[in-house]
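Here are some notes for when you have the model open. They go spot by spot, so keep the viewer handy.

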Amino acid sequence: MSSANVKVGEQPIYDARELGTPKMLILGIQHLFAMFGATVLVPVLTGLSVSTTLLFAGIGTLMFHAITKKNVPAFLGSSFAFLGGYFAIAPGGDPALLPYACFGVAVSGLLYLVLAALFNAFGASKVMRYFPPIVTGPIIIAIGLNLSQSAIDNCASNWGIALVAIVIIIVCNIWGKGMIRIVPIIMGVLGSYLVAAVTGNIDFTPVKEAAWIGFPIVWKRTVFGIFTGGNMNGSLLATAVITIVPIAFATMMEHIGDISAISSTVGKNFIKDPGLNKTLMGDGLATTVASLFGAPANTTYGENTGVLTLTKVYDPFVIRLAACFAIVLSFCPKFAAIIEVMPAATMGGISLVLYGMISAVGVRNIVETKADFSKSRNVIIAALILVLSIGINYSSIGSINIPLGSATISLSGLAVGSLVGIILNAILPEKDYVFEDDSPNPTGVDFEMAQGKSIREK
């Protein structure tokens, strides 16, 4: 969702518990439904566990609410921004390599704590000068373009099924009403999945063999399994950190945009109370804990903010109820198996739209914040980020390899581009980005498929 200027005013805020238990449960299920399609798509694309993902989406949301004084009505689901990191470290969803990618994401979560501490010490406006849209926008564009090849490869397995998903997403996102507009991903998945099932393109054997009840965490697929397995690869650990951590600079800006939008929706300035230091801490810790146990990174979800807009029920208790539902659902392996047998073409159709939207969001990030390209410094920063991030990724070398003693550390194109952009922005003169606490600038960052209109436009 694009962020909006915070306008603190009187809006109808309903206490869900005053509506009665049946309505309260329905509201919780509605939030579960809103986050579901995007949240489970990340493990399907990367090879991570659907059950573990649902478990830590719920746990992460509850952690976030505890840290933010139970005041912010945000749901934490899977982040799409780190997909490129998972693919770089664990191509093809290799189960032996995924824990290394998760380690890199876990360290990225700790970077949130560093930014939270800087906000607490110096204030948001001073810190944000070093992460302007002229840096984060091109990074986001590169994230989407670097993922494009995998989307086409998956679509190529059955273009007919892929096109069903694409068409449904477009129709729901543009012409859908109410909840249909908020959940285009899940509608696309359901429609394409149904066509694939009817045409005999799905093998349901794993679903028949899966148990109804099971524990959602597999130890060898966690980060802890790396250190207890006896064959830890130190070079790959370091490479994972250096490759994936720079992505966090974009996701932290996404977080700030999301909190701004939630503030505008609810009519409370969460940028000041509980403060970005608390919300970043909650998001970062949730990401680190989830990643350590083999789940994707967490992020605040635009889909659920859209539900807040529709229902006018801003009570965070309803979000916590949805989190509990997600935790309960994670203990059903048969349900996870239904998701995991999804055809590659369905995933391709969904990701084709999603990855393109990620790049488009990067463009919107630059446009909405009125980045000044008449300044040579801004042109140079954007140019180097894009060329390095995309060029290195698709070159014959694929990465920059740096020998370090007996080990070799590989820097992905995105890592090189991000670091160069951040450093150049810091040292070049004429910084022109100002972030206001009372009326935060929109970052325009949203890595999820949210409703067709932004919160600001409604």
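**Notes on the predicted model**

1. Start with a side chain that bonds back to the main chain: Thr 222 reaches the backbone oxygen of Trp 219 with its side chain, at 2.6 Å. Keep in mind throughout that this is a predicted model. Thr 222 sits in the loop between α10 (205-209) and α11 (224-228). Is Thr 222 buried or exposed? It counts as buried, because its relative accessibility is 0%, and the cut-off for buried is under 20%.

2. Trp 219 turns up again among the aromatics. Together with Phe 56, Phe 224 and Phe 293, Trp 219 makes up one aromatic cluster. Across the model, the count of aromatic pairs comes to 8. One of them is Phe 56 with Phe 293, a stacked pair with 5.2 Å centre to centre and 15° between the planes.

3. What does that stacked pair tie together? Phe 56 belongs to helix α2 (residues 50-67), while Phe 293 is in the loop between α14 (271-292) and β2 (298-300), so the pair links parts that are 237 residues apart in sequence. As for accessibility, Phe 56 is buried at 5%, whereas Phe 293 is partly exposed at 26%.

4. There's a charge over a ring to look at too. Lys 334 lies over the face of Trp 212, at 5.2 Å from the ring centre.

5. Val 328 is worth a click. It is in helix α16 (residues 316-329), and it counts as exposed because its relative accessible area is 60%, where the cut-off is over 50%. The C-alpha atoms of Val 328 and Leu 54 are 8.7 Å apart, although 274 residues separate the two along the chain.

6. Now the largest pocket, which holds about 470 Å³ of space. Its lining has 24 residues, and Gly 84, Phe 87, Ala 88, Asn 146 and Asn 393 are those that lie nearest the centre. Which element gives the most to that lining? It is α3, with 5 residues. The elements that each supply at least two residues are α3 (83-89), α6 (133-155), α12 (234-244), α19 (376-394), β4 (407-411) and α20 (413-427).

7. Last, the character of that lining. How many residues of the lining of the largest pocket are nonpolar, polar and charged? The split is 9 nonpolar, 15 polar and no charged.

Notes
Residues are numbered from 1 along each chain as its sequence is written. This is a predicted model: local features need pLDDT of at least 70, side-chain atom pairs count only at pLDDT 80 or more; totals for chains, interfaces and linings use all residues. Side-chain values use heavy atoms; hydrogens and water are left out. Helices (H or I, at least four residues) and strands (E, at least two) are DSSP runs, numbered from the N terminus. Buried means under 20% relative accessible area, exposed over 50%, partly exposed in between (1.4 Å probe, protein chains only). Rings of Phe, Tyr and Trp (its six-membered ring) pair if their centres lie within 6.5 Å; planes under 30 degrees apart count as stacked, over 60 as edge-to-face and the rest as tilted. A charge sits over a ring if NZ of Lys or CZ of Arg is within 6 Å of the ring centre and within 35 degrees of the ring normal. On a 1 Å grid over the protein atoms alone, a cavity is a set of points where a 1.4 Å probe fits but cannot get out, and a pocket is an open set with protein on both sides within 12 Å along at least five of seven lines; lining residues have an atom within 4 Å of a point. Grid points are joined across faces, edges and corners, and a volume is the space filled by probe spheres set on the points. Ala, Val, Leu, Ile, Met, Phe, Trp, Tyr, Cys and Pro count as nonpolar, Asp, Glu, Lys and Arg as charged, and the others, Gly among them, as polar. A polar contact is a pair of N or O atoms within 3.5 Å; within protein, one must be able to donate a hydrogen and the other to accept it, and residues adjacent in sequence count only if both atoms are side-chain atoms.
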